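Please open the model in a viewer with residue selection enabled. The stops below follow one another as a series of selections, each with a short account of what is to be found there.

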Amino acid sequence: MAGGEMKNLWIIANWKSNKTIKEALEWIEYVGPRIERRENLKVVVCPPFTDVEEVKKQVVVGNFPLMVGVQDLSPFEAGSYTGEEAATIMRDFIELAILGHSERRQNFGETDEMVAQKVKQALDHQIIPLVCLQGPETPVPDRCQLVAYEPIFAVGSGQPDTPDSAEQIAQVLKQTYPNLEVLYGGSVNSENVKSFVEKDNINGVLVGKASLDPEEFVKIVQVCQLI
Ligand code: PGA
């Protein structure tokens, strides 16, 4: 980076609806000891809700430099909302919440308004909201400082956007929202991660499929450790 300053690099594993508790703990056991503890390196694992508590315990016991997150949050406070996970309940275990993922928007009817409500819940309860933007036209909710540009064509397709296009979008977003950190997501793996994270305006990656395999995920982190 210009001036030799170290930018923050977020590497976020989005497991989606995958992994039993046993599989989750095996992943942590492999990945945890292999992550470097570095101020600017923020590695976050986002398991399904059912795994969160055990994953958090194992991270604490192992003293691993890993943060734990979730893939969604309730737009409401705790109360009579069947099936929802409130920020007030989750905040004991997590530091971050992925919000507004395209799979939630497409399959569960999530709207920009709901995403904004979820962001507010996260911020009110000291959880970092990471909002997924499907393009530069997706609104960035108030007070949100971390987003991932995830074009729908690139998610789960094996066809990532080009690093130049992602960089250009990150630059536009940062001009519009001055304190924003922008990640890229969509078919990131250990082969292509460098081309994204070496861009000046890209502060890391959101990784789906390639994060499920612990060895592949460690390779991704190791590439980032050299940036
Ligand atoms: P993918 O998913 O890496 O499997 O494309 C990314 C995401 O959905 O966050």
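Select Asn63 first: this residue follows helix 2, and its phi is positive, near 50°. The model is a predicted one. Most residues other than glycine have a negative phi. Asn63 is thus worth a check of its backbone angles, since its phi has a positive value in a residue other than glycine. The residue is found in the loop between helix 2 and strand 3. Is Asn63 buried or exposed? With a relative accessible area of 54%, Asn63 is exposed, because the cut-off for that class is over 50%.

Next, step back to helix 2 itself, residues 49–62. Its 14 residues, at 1.5 Å a residue, should span 20 Å, and the C-alpha atoms at its ends are 21 Å apart, which agrees. Colour Asp51, Val52, Val55, Lys56, Gln58 and Val59, which are the buried residues of this helix. In an α-helix there are 3.6 residues a turn, so residues three or four places apart point the same way. What covers the buried residues of helix 2? The cover includes helix 1 (21–31), strand 2 (41–46), strand 3 (67–70) and helix 3 (87–90).

Move to Gln126 for a second positive phi, here near 60°, again in a residue other than glycine. Gln126 lies in the loop between helix 5 (112–124) and strand 5 (128–133). Its relative accessible area is 60%, so Gln126 is exposed.

**The ligand**

Now select the ligand and display the residues around it. How many residues surround the ligand? There are 13, and the closest are Lys16, His101, Glu150, Gly156 and Ser187. By type, the shell divides into four nonpolar, six polar and three charged residues.

Three distances to oxygen atoms of the ligand can be displayed in turn. For Glu150, a polar side-chain atom lies 2.7 Å from an oxygen atom of the ligand. For Gly156, the atom to pick is a backbone N or O, which lies 2.6 Å from an oxygen atom of the ligand. For Gly208, a polar backbone atom is 2.9 Å from an oxygen atom of the ligand. How much of the ligand's area does the protein bury? Taken alone, the ligand exposes 280 Å², and the protein buries 98% of that.

**Strand 8 and the loop before it**

Select Val207, which lies in strand 8. Its relative accessibility is 0%, and Val207 therefore counts as buried. Show the residues it touches: leaving aside neighbours within four places in sequence, Val207 is in contact with Ile12, Ala13, Asn14, Val188 and Ile220. A distance drawn from the C-alpha atom of Val207 to that of Phe49, 158 residues apart along the chain, comes to 18 Å.

Go back to Asn203, in the loop between helix 7 and strand 8. Asn203 has 5% relative accessibility and so counts as buried. Although Asn203 and Trp10 are 193 residues apart along the chain, their C-alpha atoms are separated by 6.2 Å. Which residues does Asn203 touch, not counting those up to four places away in sequence? They are Lys7, Asn8, Leu9, Trp10, Lys174, Glu181, Val182 and Leu183. To see a polar contact, follow the side chain of Asn203, which reaches the backbone oxygen of Asn8 at 2.9 Å.

Asn201 is the next selection, in the loop between helix 7 (193–197) and strand 8 (204–207). Asn201 is buried, because its relative accessible area of 16% is under 20%. Its side chain makes a polar contact with the side chain of Glu167 at 2.8 Å. Beyond neighbours within four places in sequence, Asn201 is in contact with Glu167, Ala170, Gln171, Lys174 and Val182.

**Helix 6**

Finish with helix 6, residues 163–176. At 1.5 Å a residue, its 14 residues should span 20 Å, and its end C-alpha atoms are 20 Å apart, which agrees. Colour its buried residues: Ser165, Ala166, Glu167, Ile169, Ala170, Leu173 and Lys174. Which elements are included in their cover? Strand 5, strand 6 (146–149), strand 7 (181–185) and helix 7 are among them.

Note on methods. Residues are numbered from 1 along each chain as its sequence is written. This is a predicted model: local features need pLDDT of at least 70, side-chain atom pairs count only at pLDDT 80 or more; totals for chains, interfaces and linings use all residues. Side-chain values use heavy atoms; hydrogens and water are left out. Helices (H or I, at least four residues) and strands (E, at least two) are DSSP runs, numbered from the N terminus. The expected span of a helix is 1.5 Å times one less than its number of residues. Buried means under 20% relative accessible area, exposed over 50%, partly exposed in between (1.4 Å probe, protein chains only). Contact means heavy atoms within 4.5 Å. A residue is near a molecule or strand if one of its heavy atoms lies within 4 Å of it. A polar contact is a pair of N or O atoms within 3.5 Å; within protein, one must be able to donate a hydrogen and the other to accept it, and residues adjacent in sequence count only if both atoms are side-chain atoms. Accessible areas come from the Shrake-Rupley method with a 1.4 Å probe; for residues, only the protein chains shown count as cover. Ala, Val, Leu, Ile, Met, Phe, Trp, Tyr, Cys and Pro count as nonpolar, Asp, Glu, Lys and Arg as charged, and the others, Gly among them, as polar.
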